[in-house]
Amino acid sequence: MSVLTLDLGTSTTKAALWSGDELVGLVRVPIPTRHPAPRRAEQDPRDWWRAVVEACAALQAATPDGYARVRAVGCSAARETFAGFDRQLEPVSPGILWSDTRAGDELKTLGDPARFRERTGVILSAGCAAAKVAWVRRHEPRWFEEAAWLLAPRDFVVARLTGQPHSEPTLASRTGFYTLDGSFLGDAALGRRLPPLIPSVQSTPIARPDQLGLPAGSVAILGAGDRACEAVGVGASVRAPMVSWGTTVNVSVPTPGPVATLPHRAQVSRGVGDGFLLEAGLSAAGAALEWLGSLTGSTGASLVHAAAAVAPGADGLLAFPWLQGARAPWWQPAVYGAFIGLTSAHGPAELARALIEGVAFDTARSVEQLAPDAHALQLAGAGATEALWRSILAAVARRSVVSRRHSDAASVGARLIVGQARAEPMDLDRLNPVIAVEAPSAELVQAYQPVRRSADAVASRLLANDA
């Protein structure tokens, strides 16, 4: 039996084909994002489906025999992104992304931020899905009225396959529409537009397998949100939290609960099964390098290569890559990014080095907050393959970093969830074995100590301006 996993990310959809515990094919298809106005980030929901169709067609062409044996489709998904759809699952609004922060004025409609965080686990910000739906209801009521469903990209794709809109707790817990114990907080009009929740591991027959060239009798399994899947896919724990570099960096720490014992810091979401994740999502990581590349005409890879030739500390340049506001570990969304110490002697290489170091400093601060006793960091995402990121992070965080065979840990997690749903015996260390454990370089640790002190001091001053 083969398994198809779909990782519906913000910038890329990935389709992976698994034969047992072996990855036999992986295809990536990009998804364009537009910014029609300041603080807005949108996609065409039709691109969500198009990217899946294209990725699966390419995967089928590359591995026809294995694809013909697919019996289950499992998913990983970006969270806090949604669009409105009619009853035929045609979009009636743009897709509003997690990084969209248009809804600042709507925050007051959601009540006291501390109480909101205590009840939902979600830190109240203009990027919160609950705030953005409130914005839609206020400024674009036609979108809301015409919508039979408000669906995340993964939920829309699976609904197209099965004919049954559903979601599950890991995505629902990041919307702000539910308490941490699963109680619904919205009004009846919103409740009618949200898909019913089912367990992450529940199988649903695929009604139209021909849409993706799948065999008859295939089933779909919703799986989980990207961070929950990644945490499963690298075996994250309190002593070895997951650090994922993608569009941004996320630090995720599994915790068993129950709700009454969860800490009141950072964000908390539901994990796969009965547990939870403590989460610290930074403002930007890969997105910061893409932004720099758009200004300089360079690729992200070339910027990283150039940055590797720059000494620690980026020749006195400090970067605070808060392109979406100062998110984790600061949670001051009205404070935006800055370069400090910029001179005419600095070029793209120094800017890139400073951005990577700035991301590493915020990552280390987040680990210190959420998992102070951690002895290692389990890496995921594109950054896991970058030697520069690994060495800087290990030195700044003063912890070993662990790399596994597959950096696309969300796809691994989705495969493991399918295995759980189908009662397959699955072993993480066979599916995604550790390939390297990199200890901090003593020389780099020493070099970054004064840089971190300077960065801490400057960050305090930048953040104080919003106090």
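These legends walk through several close-up views of a predicted model.

**View 1. Helices α11 and α12 cross at roughly 90 degrees.** Two packed helices are described by the angle between their axes and the distance between the axes. Helix α11 covers residues 300-307 and helix α12 covers residues 348-370, and their axes come within 8 Å. Because angles of 65 to 115 degrees count as roughly perpendicular, α11 is roughly perpendicular to α12. On the α11 side, the contact is made by L303, V304, A306 and A307. Their partners on α12 are P348, A349, A352, R353 and I356.

**View 2. Helix α9 is mostly covered.** How many of the nine residues in helix α9 are buried? Eight of the nine are, in a helix that spans residues 226-234. The buried residues are D226, R227, A228, C229, E230, A231, G233 and V234. Look just past the helix to find G235, which follows α9 and has a positive phi, near 70 degrees.

**View 3. W291, L295 and L323 form a nonpolar patch on the surface.** Together, these three residues have about 280 Å² of accessible area. One of them, L295, is found in helix α10, which runs over residues 286-296. L295 has a relative accessible area of 57%. Exposed means over 50%, so L295 counts as exposed.

**View 4. A cis peptide bond joins G257 and P258.** Its omega is about 5 degrees. To find P258 in the model, follow the loop between strands β12 (249-255) and β13 (267-270).

**View 5. A cis peptide bond also joins A328 and P329.** Here omega is about 0 degrees. P329 sits in a loop too, this time between β15 (318-320) and β16 (338-340).

**View 6. R39 has a positive phi although it is a residue other than glycine.** The phi of R39 is near 70 degrees. You can find R39 in the loop between β3 (22-30) and β4 (42-43). Is R39 buried or exposed? With a relative accessible area of 53%, R39 is exposed.

**View 7. A314 is another residue other than glycine with a positive phi.** For A314, phi is near 50 degrees. The loop that holds A314 links α11, the helix from the opening view, and β15. Buried means under 20% relative accessible area, so A314, at 0%, counts as buried. Set side by side, the last two views show an exposed R39 and a buried A314.

Definitions and conventions
Residues numbered from 1 in each chain as written. Predicted model: local features only at pLDDT ≥ 70, side-chain atom pairs only at ≥ 80, totals over all residues. Heavy atoms only, no water. Patch = residues over 30% accessible without salt bridge, like charges linked within 9 Å, V, L, I, M, F, W, Y side chains within 5 Å. Areas by Shrake-Rupley, 256 points an atom, 1.4 Å probe, with all protein chains shown as cover. Salt bridge = Lys/Arg side-chain N within 4 Å of Asp/Glu carboxyl O. Helix = DSSP H or I, 4+ residues; strand = E, 2+ residues; numbered from the N terminus. Buried < 20%, exposed > 50% of the residue type's maximum accessible area, 1.4 Å probe, protein only. Axes fitted to C-alpha atoms, helices over the stretch in contact; angles between N-to-C directions. Parallel < 35°, antiparallel > 145°, perpendicular 65-115°, else oblique. Contact = heavy atoms within 4.5 Å.
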